[in-house]
Amino acid sequence: MTTAFNFQSFPLLEAPRLHLRALTRADAEAIIAIYGSPEVLAYLNMEPVITHEQAIGLIDWFSGAYERHDGVQWAFALRETGQVIGTGGTYDWDQSDRHVDIGYHILPSHWGQGYATEATRAMLGWCFDALRVHRVQADCTDGNLGSERVLLKCGFQVEGLWRESCWEHGRFVNIKQFGLLEHEFRRKKAP
Ligand SMILES: CC(C)(COP(=O)(O)OP(=O)(O)OC[C@H]1O[C@@H](n2cnc3c(N)ncnc32)[C@H](O)[C@@H]1OP(=O)(O)O)[C@@H](O)C(=O)NCCC(=O)NCCS
């Protein structure tokens, strides 16, 4: 098997309307706009990011994950203006079983315009080409219909439901599991 990604230089990705690049501390305001938004946090188990210090802390955490070779987190920047309208990335890369998890978060003002879908397609291409995984996994809170739709549009299949497996906003919620195999992704992309 060819050697997989070695984290030497940050992977820059292109999508039709987005440039996917590394997050930097200069993105703190965009991080607050995204992770301070109640709409974005509705299906996430995390505290809102409100202050500049909290935003820097989250950006540094993402950078640290990259330095530890644990994951890649991209800023989704509009190609036309450079505005960061979302972030997303990979988590839990398992090199022996060759799978990885992905996730994404978009600024509410830009929902429903296909941005998560095109960013996810770009990330998927990179996961299969560069990480050389056999399978990409994702999950979302049962009822997060926007996220579920993004995964289905990208070719994922529903693989199961983990009942009441996550504590979110004062209650246990079901988590829906999705998977996409490499041959399914390649077949979908073929003309
Ligand atoms: C989920 C999320 C990333 C989607 O981003 P987006 O850029 O709006 O996604 P897209 O426009 O590419 O696709 C969204 C699809 O979901 C559909 N959708 C959105 N809300 C929906 C709802 N409540 N019911 C049914 N479909 C819905 C849209 O119509 C669209 O489908 P279509 O293209 O067939 O019309 C965004 O809503 C978000 O950031 N949510 C908060 C963070 C989050 O939950 N992240 C995922 C964690 S698992």
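Two residues are in contact if their C-beta atoms, placed from the backbone, lie within 7 Å. By that rule, and leaving aside neighbours within four places in sequence, Asn174 is in contact with Asp142, Leu161, Trp162, Arg163 and Glu164. The model is a predicted one. An open sheet of 8 strands runs through it in the order β1-β2-β3-β4-β5-β6-β8-β7, and the pairing is mixed. The points below take up the sheet, its two ends, helix α3, the ligand and Asn174.

**The sheet from β1 to β5**
- The edge strands of the sheet are β1 and β7 (157-168), each of which pairs on one side only.
- Strand β1 (residues 13-14) and strand β2 (residues 18-22) run antiparallel and are joined by 2 bridges.
- The link from β1 to β2 is a hairpin through 3 residues, and Leu13 stands opposite Leu20 in β2.
- On to strand β3 (residues 73-78), β2 is joined by 5 bridges, and these two strands also run antiparallel.
- His19 has Ala77 in β3 as its bridge partner.
- Strand β4 (residues 84-94) is antiparallel to β5, with 7 bridges between them.
- Asp94 has its bridge partner, His99, in β5.

**The β7 and β8 end**
- β7 and β8 pair in the antiparallel sense over 8 bridges.
- Cys166 is matched by a bridge partner in β8, Val173.
- The hairpin of β7 and β8 has 2 residues between the strands, and in this hairpin His169 takes a positive phi near 50°.
- β7 is hardly covered, since the count of buried residues among its 12 residues is 0.

**Helix α3**
- Helix α3 (residues 52-67) has 16 residues, which at 1.5 Å a residue should span 22 Å; the end C-alpha atoms are 22 Å apart, so the two values agree.
- The buried residues of α3 are Ala55, Leu58, Ile59 and Phe62.
- These buried residues cover an arc of only 95° around the axis, which means that they sit on the same side of α3.
- An α-helix has 3.6 residues a turn, so residues three or four places apart point the same way.
- Glu53, Asp60, Trp61, Gly64 and Glu67 are exposed on the other side of α3.
- The cover over the buried residues of α3 includes α1 (28-35) and β3.
- His69, just after α3, takes a positive phi of about 65°.

**Around the ligand**
- The ligand is surrounded by 20 residues, and the closest are Ala116, Thr117, Leu145, Gly146 and Arg149.
- At least two residues of this shell come from each of β5 (99-106), α4 (115-131) and α5 (145-153).
- With 5 residues, α5 gives the most to the shell.
- Sorted by class, the shell has 10 nonpolar, 9 polar and 1 charged residues.

**Asn174 in its setting**
- Asn174 lies in strand β8 (residues 171-181).
- Asn174 counts as partly exposed because it has 13 C-beta neighbours inside 10 Å, while a residue is exposed at 12 or fewer and buried at 20 or more.
- Among the contacts of Asn174 are Leu161, Trp162, Arg163 and Glu164, and β7 takes in residues 157-168.
- From C-alpha to C-alpha, Asn174 and Val150 are 18 Å apart in space, and they are 24 residues apart in sequence.

How values were computed. Residues numbered from 1 in each chain as written. Predicted model: local features only at pLDDT ≥ 70, side-chain atom pairs only at ≥ 80, totals over all residues. Helix = DSSP H or I, 4+ residues; strand = E, 2+ residues; numbered from the N terminus. Pairing = 2+ DSSP bridges. Near = placed C-beta within 6 Å. Nonpolar A, V, L, I, M, F, W, Y, C, P; charged D, E, K, R; others polar. Expected span 1.5 Å × (residues − 1). Arc of directions from axis to C-beta.
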